[in-house]
Amino acid sequence: MRKYEMIWLDEEGQIQEASRIAPALPAFEDAVSAFARGTLISTEQGPVAVEDLLPGDGIRTVDAGIQPLLWRGTTTLVPGAPNQSPQMGSLTRVAADSLGIGRPMPDLVLGPKARVYHRSEPVQRATRADGAFVPVRDFIDACNVIELTPMSPVQVFQLDLPGHHRVLAHGVELESHHPGTPSDLEIKGETLELYLSLFPHRADLASFGPPRYARLRVADLKLMGVA
């Protein structure tokens, strides 16, 4: 089990906050583990540390301009905790300029569930789109993108906007929260109800809208023969 904390805007535009104890399942962890504490998110007021964002703040997106932050979820990553997924005890550091000039700038440290918007010919052939979201961990190379094990517990976060968007952190395009399709979640019944309780501002899964972007793994591209 894991503790999940969230703040959100209610129907009257007031900020509310709550916490839940819920299973340490991939669907739940994916919802709160993209950005490490200290990550600078681009907003209409300039870069703001993710932990300082509040519902109602204007988040700068690549695809739809300024979008209001509806919800911010967080959990605490505890390195070496027993019975957890190994990746949930680590972070990923992307070195400055390793994805291109100013991407990122400075170094970017991300949570275990972060996905970066990746443009490449193999991705475009596979999706017939400009790009897709790929887990940052897939690019770990022990040089420019490395796995970090923090010395002590650290908070990780995710952000929910009105739709599925590309947000900027240190000049890198990263994924806002979206649960994906019901089959992506791989949960149902009471577990699905518990999952939805993390999002009091959402009526049901349909209220998230359809995913705007594909998600791929580097391994998927190899299986397709387009990597």
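This tour moves through a predicted model one selection at a time, beginning with an annotated span and ending at a single glycine.

**The annotated span**

Begin by selecting residues 34-180, the stretch that an unreviewed UniProt entry annotates as "domain: Hedgehog/Intein (Hint)". Within this span, 5% is helix and 40% is strand, and if you mark the C-alpha atoms at its two ends you will find them 15 Å apart.

**Arg2 and its surroundings**

Next, go to Arg2, which is placed in strand β1 (residues 2-9). Is Arg2 buried or exposed? With a relative accessible area of 9%, Arg2 falls under the 20% limit and therefore counts as buried. Show its side chain as sticks and follow it to the backbone oxygen of Thr76, which the side chain reaches at 3.1 Å; the side chain of Gln84 is also joined to that of Arg2, by a polar contact of 3.2 Å. If you leave aside residues up to four places away in sequence, the residues that Arg2 touches include Arg20, Ile21, Ala22, Glu29 and Met88.

**Salt bridges**

How many salt bridges does a search of the whole structure find? The search finds 13, and a few of them are visited here.

Select Arg119 and Asp130, whose side chains meet in a salt bridge with an N to O distance of 2.8 Å. Arg119 lies in the loop between β11 (115-118) and α2 (121-127), while Asp130 lies in the loop between α2 and β12 (132-135), so the pair ties together parts that are 11 residues apart in sequence. Arg119 is partly exposed at 39% relative accessibility, and Asp130 is partly exposed as well, with a relative accessible area of 40%.

Now move to helix α2 and select Glu121 and Arg125, whose side chains form a salt bridge at 3.0 Å, N to O. These two residues are 4 apart in the helix, a separation of about one helical turn. Glu121 is exposed, with a relative accessible area of 53%, whereas Arg125, at 42%, counts as partly exposed.

For a pair in another setting, select Arg166 and Glu173, which form a salt bridge whose closest N and O atoms are 2.7 Å apart; both of these residues are buried.

Finally, select Asp30, Arg115, Glu175 and Arg215 together, since salt bridges link these four residues in a network.

**The largest pocket**

Keep Asp30 and Arg115 in view, for both are among the lining residues that lie nearest the centre of the largest pocket, along with Pro26, Lys113 and Arg217. The lining is made up of 27 residues, and the pocket holds about 650 Å³ of space. Which helices each supply at least two residues of this lining? Colouring α1 (26-30) and α3 (182-185) will show the two that do, and α1 provides the largest share, 4 residues.

**Gly65**

The last stop is Gly65, which is found in strand β7 (residues 65-68) and is partly exposed, with a relative accessible area of 34%. Not counting residues up to four places away in sequence, Gly65 touches Ile59 and Arg60. To end, draw a distance from the C-alpha atom of Gly65 to that of Arg202, which is 137 residues away along the chain, and the separation you read should be 22 Å.

Methods
Residues numbered from 1 in each chain as written. Predicted model: local features only at pLDDT ≥ 70, side-chain atom pairs only at ≥ 80, totals over all residues. Heavy atoms only, no water. Buried < 20%, exposed > 50% of the residue type's maximum accessible area, 1.4 Å probe, protein only. Polar contact = N/O pair within 3.5 Å; in protein donor to acceptor, adjacent residues only side chain to side chain. Contact = heavy atoms within 4.5 Å. UniProt positions renumbered as here; feature names shortened; annotations may be inferred. 1 Å grid on protein atoms, 1.4 Å probe; cavity = no way out; pocket = protein on both sides within 12 Å on 5 of 7 lines; lining within 4 Å. Points joined across faces, edges and corners; volume = space filled by probe spheres on them.
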